Structures are given as structure tokens and as C-alpha cells.
Amino acid sequence: MIIRKNNEDNLELSSVKAVEKIIGYTFNDKKILQRAITHSSYNTLKGIEGESYERMEFLGDSILGFVVADELYKKYPQFDEGMLTKFKANIVSSAPLADIIDSSKIFEYVLYDKTNTFKQKKKSDFFESIVAAIYLDSNGLKATRQFILKYLKPYISAEIKNDTFDYKSMLYEYCSAKKMLITFEQKDVTGPSHDLTFTMQLLINGEIICEAQGKKKQDAEKKCSKQALIKFGEISD
């Protein structure tokens, strides 16, 4: 039970309505969202007896992980559990969640003692508490999933397309397990000095498997690695 003083009601209701507008979900029970955006320092500052976001953040963390894992599993069958685990960990980490809380302006309406400074991890907690709030208010995953993917789909796409996940790493892991030796060789380089195109060949155990072109050697090697993984049946085209 949350006990509020009348002179705090307007501020809290204003914050709730502002966050509802930002996230595109209207709560049946406004107190659920109010709790999700209330830091314990606010209650202490105002001398209010009430709950804050912490328990909801715990629930939201699990829901968030499930929804992202489900999305990755269904949309990207070409990746094994190791790559999916890596993707999920990066997507639900503090950095993207805190970025969403800042860029969406949600943090402007979080209720807390303004003398406190919130770093990345603490800001990301509020994304998770809002996830839990929507889940509890809607009594299900449909609206919760819509909220999560509305904000995280760009991060999911960026993570999948990110060169750092690297088909080369996947190929090296595959060939290492099979005790096969990988070699990349430059076959050709064409074009003016300011706009070179590299042609690279991939050799496994001395046999040419494929070749590809790119504006950087690394790009061509990545394309070769992808072709090889497709050929070996490790990923789909």
C-alpha cells in the first residue's frame, strides 16, 4: 500500500502520464507505473512510506531476457546457442537499456532525490522495471513484448549485423574443432589508390574453398568465411 501526501500527487501523476505517452501504453492501474519509476531515494526524501522499483526490476530482468531470447531463437536459426547467448548478453546489457531511458526522455520523469547521480546500470534498471510494470498491468506478454521490441529491435539488428560477431571467428572455431588449417591469401588488388578493391581467397588445408572482394581485406575475408560456413552447413544463406 502506497501512502502519498496530497502535495506530491500532481508531480507523480504528471510523471506517470508523461511516461505513458512516451512508451505508448496506458496503464489500467497507474500506481503500478508510478512504482516502476520511483527510486527509493524519492520516498526517503519526501518522507513517504511506499514501494519503489527494485522488486519490479528483478521481474523485468527475467521477462526481458526471455523476450529477447525468444526473438533471437525464432528469427535467426543460422546461429548456434553460443552466438545467441553472446547476442542476448550484449542486447540486454546496461548500455543499450540506459541509452533508451535517456534518449526517450523517460529518465526526466523518474522520481528520485535529485542530489543523487545515476550511472548507466542504475538507469538501465528502470527499463526493466517498466517491462515488469507493463507485464503486471496487462497480465501477459503481448503488450510487454511489443514494448520491448519497439525499443530493442534496432539494437538486435545492429548486433546481428555488427562485424564484431565475425564470421571469421565462427569459421576458426569450426575449423579448429575439425583440426583444419585456415589460410587467407590476397589474389588481387584493383582500382585507384584512393578506392582499392581487394580479392581474397580462403584456403583450408591448402585447398582453395572460395574467394570474395571487399574494399578492405577484412571485409573480403569475412565474406569468404561466410561462404565457407554456408558450404559446410553451419549457417544458412
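Tyr53, Phe107, Tyr112, Phe118 and Phe126 are tied into a cluster by ring pairs. The model here is a predicted one, and a search through the whole of the structure turns up eleven aromatic pairs. Take Phe118 and Phe126 from the cluster: their ring centres sit 6.2 Å apart and their planes meet at 20°, so this pair counts as stacked. The cut-off behind that label is that planes under 30 degrees apart count as stacked. Both of these rings belong to buried residues, and the numbers show why: Phe118 has a relative accessible area of 12%, Phe126 has one of 0%, and buried means under 20%.

Phe147 and Tyr151 also form an aromatic pair, but this one is edge-to-face, with 5.3 Å from centre to centre and 65° between the planes. Here the label follows because planes over 60 degrees apart count as edge-to-face. The two residues lie four apart in helix α8 (residues 142–161), so about one helical turn separates them. Phe147 and Tyr151 are both buried.

Stepping back to the whole chain, the protein has ten helices and three strands. Read from the N terminus, the order of elements is α-α-α-α-α-α-α-α-α-β-β-β-α. In other words, nine helices come before the strands, and one helix follows them. As for how much of the chain is tucked away, 47% of the 237 residues count as buried.

Next come the charged side chains that pair up. The structure holds ten salt bridges. One of them joins Glu20 to Lys30, whose closest N and O atoms are 2.7 Å apart. This pair links distant parts of the chain, with Glu20 in helix α1 (residues 6–23), Lys30 in helix α2 (residues 30–36), and their positions ten residues apart. Are the two partners buried or exposed? Glu20 counts as buried because its relative accessibility is 8%, whereas Lys30, at 29%, counts as partly exposed.

Another salt bridge brings together the side chains of Asp70 and Arg145, at 3.0 Å from N to O. Here, too, distant parts of the chain are linked: Asp70 belongs to helix α4 and Arg145 to helix α8, 75 residues apart. With 16% relative accessibility, Asp70 counts as buried, while Arg145 has a relative accessible area of 26% and is therefore partly exposed.

A third example is the bridge between the side chains of Lys168 and Glu221, at 2.7 Å from N to O. Lys168 sits in helix α9 and Glu221 in helix α10 (residues 217–231), so to speak two distant parts of the chain, 53 residues apart. Glu221 is buried, since its relative accessible area is 12%. Some bridges also share partners, and in this way Asp70, Glu71, Lys74, Lys75 and Arg145 are joined into one network.

Not every charged residue has been covered by those pairs. On the surface, Asp80, Glu81, Glu173 and Glu234 gather in a patch of negative charge. Of these, Asp80 lies in the loop between α4 (54–75) and α5 (81–91). Its relative accessibility is 43%, so Asp80 counts as partly exposed.

The backbone has a couple of spots to look at as well. Most residues other than glycine have a negative phi. Asn139, which is not a glycine, has a positive phi near 60°. Where does Asn139 lie? Asn139 is in the loop between α7 (120–138) and α8. This residue is exposed, because its relative accessible area is 72% and the cut-off for exposed is over 50%.

Lys179 is another case, with a positive phi of about 60° even though it is not a glycine. Lys179 sits in the loop between α9 (167–177) and β1 (182–190). With a relative accessible area of 75%, Lys179 is exposed.

How values were computed
Residues are numbered from 1 along each chain as its sequence is written. This is a predicted model: local features need pLDDT of at least 70, side-chain atom pairs count only at pLDDT 80 or more; totals for chains, interfaces and linings use all residues. Side-chain values use heavy atoms; hydrogens and water are left out. Patches are made of residues with over 30% relative accessible area and no salt bridge: like charges are joined within 9 Å, nonpolar side chains (Val, Leu, Ile, Met, Phe, Trp, Tyr) within 5 Å. Accessible areas come from the Shrake-Rupley method with a 1.4 Å probe; for residues, only the protein chains shown count as cover. A salt bridge is a side-chain nitrogen of Lys or Arg within 4 Å of a carboxyl oxygen of Asp or Glu. Lys and Arg count as positive and Asp and Glu as negative; His and the chain ends are not counted. The place of a charge is taken as NZ of Lys, CZ of Arg, CG of Asp or CD of Glu. Buried means under 20% relative accessible area, exposed over 50%, partly exposed in between (1.4 Å probe, protein chains only). Rings of Phe, Tyr and Trp (its six-membered ring) pair if their centres lie within 6.5 Å; planes under 30 degrees apart count as stacked, over 60 as edge-to-face and the rest as tilted.
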